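Colleague: I should be grateful for a close look at a single part of this model, namely one helix, its packing and its surroundings. Please set out how it begins, what it packs against and how the rest of the fold relates to it.

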Amino acid sequence: MSAPPPPEKPLRVMPWWLALLGLLLAAGLGWLVLGWLLTEADRAAQPDTRATLRVDAIRTGLTVVAGTGGGLALLFAARRQWISERGQRHQEAVAAHDQAHRDRVQAHAEAVAEAAARHQERQATAAEHDAGERRLTELYVRAIELVGSDNPAVRLGGLHALERLGQDNPGQRPTTVAVLCAYLRMPAPDDPRETEVRRTAQRMLTRHLRADRDTWWPDIALDLTGARLDDFDAAGCTLVDLDLTGAVCTGVTSFAGAVAHGRMRLTAEFADLVCDDLTGDADIVLDDARVTGRASFDRADLGGALSCLGTRFGQASFHAATLRQPSSFDRATFAGAATFREAVFLAGLSMEHTGFAGYAGFRRTRFADLALFRWTEFGAEAWFEGARFEGGTNFGRAVFHGGAHFEGAELARRPLVDQARASTSVTHDWPRDVTVTRRDDDWLVLTDP
């Protein structure tokens, strides 16, 4: 906004005596001139000349008076014009100031009206939000009351109400999932109807973890620590930070075709564990887990680390699986057959102190990095036929109760076999450059050169 012009000095009214003084000045000046000219005319010698000069003197005196009066008239006319122009400028300035004031008043009124409208809109939005929150709270409390009922049918209805609440209100989904997980973590009464209620809760969880459906709830973590699950089916789900620590999973627990991110904590007890075609970048932790039946990771593509420290497997299959980060099976035990046929270990593999009670198959397995089998005990046939060892390999102090078969195996480096033992009662096919000596009637000893 431009600064206002400086104020003009106040206009002073011309006093009447100033005009009278001007007239007297003009008359006095004419009288002086006339007197001077007449004096000069009287000095002429000839009477005719003196008369002519006196007439000219009178004429000149009148002319001076008239000229002086005219000058004063012009001065007054100029002052009148200046006063008129100043008055015009003043009127224009006053009009501009009044217009600016009206504009400011209008702008202020519009701003006040707009602020009032925004305030009313905020109040309406807040009232609507409060009403919505109260409605959600009432629905949530009612659903929780139903879930806490002693009647399994009523609990089932409460679970459905809770699921509908989460489906319609995305902000309530983490709370809904937390309640469902907490329900599954609670002790399960010995009641067939309760079994159906818990299976329904499981299906509600997995139904919203499939990214190819409209009911998908993204970025949902499942905390099922200590839960009891029956035929938990998360096949095709997108899993983020799944935690089954201490859970008891009866029936078949399936993560087939799932996509896992974050961390999968599977330190639990499983009857059968199916992870076929499992993908993702999650770190999978099976430390001290127990799989009494079959664990299957066929064709899985694991972008994170796999840790099976102390895990007890029944049967296990990693057929054509790809493990891109280090994998550890230290102190794990395989009670049944274990196959890693055509698996690919792109990072290190450690199977130290691992026990294979049955068949151990590593046919055409690729070990792209270090492979450690120190103190590993093979209770039956161990097949490494056609396997590729591209890094260092160590079978130090391993024990082979059954036949060890390395036909067609490719080793980039000489394997370390210091003090490994093999039974004399079966036939073995060792890699090249392995020194084998007979210790006694029962055992062969492998030594490094």
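**A helix and its surroundings**

Modeller: The N-terminal end of helix 5 is capped by Asp191, which places a side-chain oxygen 3.0 Å from the backbone nitrogen of Arg193. The model is a predicted one, and what follows should be read accordingly.

Helix 5 runs over residues 192-207. Its 16 residues should span 22 Å at 1.5 Å a residue, and the end C-alpha atoms are 23 Å apart, so the computed length agrees with the expected one. The buried residues in helix 5 are Glu194, Val197, Arg198, Thr200, Ala201, Gln202, Met204, Leu205 and Thr206. Charged residues are thus among the buried ones, including Glu194 and Arg198. Helix 3, helix 4, strand 1 (221-223) and strand 2 (228-230) are among the elements that cover these buried residues.

Of these covering elements, helix 4 may be taken up next. Two packed helices are described by the angle between their axes and the distance between the axes. For helix 4 and helix 5, the angle is about 145° and the axes lie 10 Å apart. The crossing of helix 4 past helix 5 is left-handed. On the helix 4 side, the residues that meet helix 5 are Val177, Leu180, Cys181, Tyr183, Leu184 and Arg185. Their partners in helix 5 are Glu194, Val197, Arg198, Ala201, Gln202, Met204 and Leu205. These partners also appear among the buried residues of helix 5, and the buried set there further includes Thr200 and Thr206.

Helix 4 itself covers residues 173-185. Its 13 residues should span 18 Å at 1.5 Å a residue, and the end C-alpha atoms are 18 Å apart, so expectation and model agree. Buried in helix 4 are Arg173, Thr176, Val177, Val179, Leu180, Cys181, Tyr183 and Leu184. Val177, Leu180, Cys181, Tyr183 and Leu184 therefore combine burial with contact to helix 5. An α-helix has 3.6 residues a turn, so residues three or four places apart point the same way.

The contribution of helix 4 extends to the largest nonpolar core. That core has 89 residues, and Leu224, Phe255, Phe329 and Phe340 touch the most other members. Helix 4 supplies the largest share of this core, with six residues. Phe329 illustrates the contacts made by one of the highly connected members: setting aside residues up to four places away in sequence, it touches Leu306, Cys308, Phe313, Phe318, Phe334, Phe340, Leu349, Ser350, Met351, Glu352 and Thr354. Phe340, which is also one of the most connected members of the core, is thus a direct contact of Phe329.

Helix 3 is another of the elements that cover the buried residues of helix 5. It comprises residues 152-168, 17 in number, and reaches 25 Å from its first C-alpha to its last, close to the 24 Å expected at 1.5 Å a residue. At its start, a side-chain oxygen of Asn151 comes to within 2.9 Å of the backbone nitrogen of Ala153, which may be set beside the Asp191 contact to Arg193 in helix 5. Buried in helix 3 are Pro152, Arg155, Gly158, Leu159, Ala161, Leu162, Glu163, Leu165 and Gly166. Here too the buried set includes charged residues, among them Arg155 and Glu163.

Beyond helix 5, a loop leads to strand 1, and Asp219 is found in that loop. Its phi is near 60°, a positive value in a residue other than glycine. Asp219 counts as exposed because its relative accessible area is 70%, against a cut-off of over 50%. A similar backbone feature occurs elsewhere: Glu342 has a positive phi of about 60° although it is not a glycine. Glu342 lies in the loop between strand 17 (338-339) and strand 18 (344-345), and it counts as partly exposed because its relative accessibility is 31%.

Ala221 offers a reference point for residues farther along the chain. Gly280, in strand 8 (residues 279-280), is 59 residues from Ala221 in sequence and 15 Å from it in space, C-alpha to C-alpha. Thr437, in strand 32 (residues 435-438), is 216 residues from Ala221 in sequence and 56 Å from it in space, C-alpha to C-alpha.

Definitions and conventions:
Residues are numbered from 1 along each chain as its sequence is written. This is a predicted model: local features need pLDDT of at least 70, side-chain atom pairs count only at pLDDT 80 or more; totals for chains, interfaces and linings use all residues. Side-chain values use heavy atoms; hydrogens and water are left out. A nonpolar core is a set of buried Ala, Val, Leu, Ile, Met, Phe, Trp, Tyr and Cys residues joined through side-chain atoms within 4.5 Å. Buried means under 20% relative accessible area, exposed over 50%, partly exposed in between (1.4 Å probe, protein chains only). Helices (H or I, at least four residues) and strands (E, at least two) are DSSP runs, numbered from the N terminus. Contact means heavy atoms within 4.5 Å. The expected span of a helix is 1.5 Å times one less than its number of residues. A polar contact is a pair of N or O atoms within 3.5 Å; within protein, one must be able to donate a hydrogen and the other to accept it, and residues adjacent in sequence count only if both atoms are side-chain atoms. Axes are lines fitted to C-alpha atoms, for helices over the stretch in contact, and angles run from 0 to 180 degrees between N-to-C directions. A crossing is left-handed if the near helix is turned anticlockwise from the far one by less than a right angle, and right-handed if clockwise.
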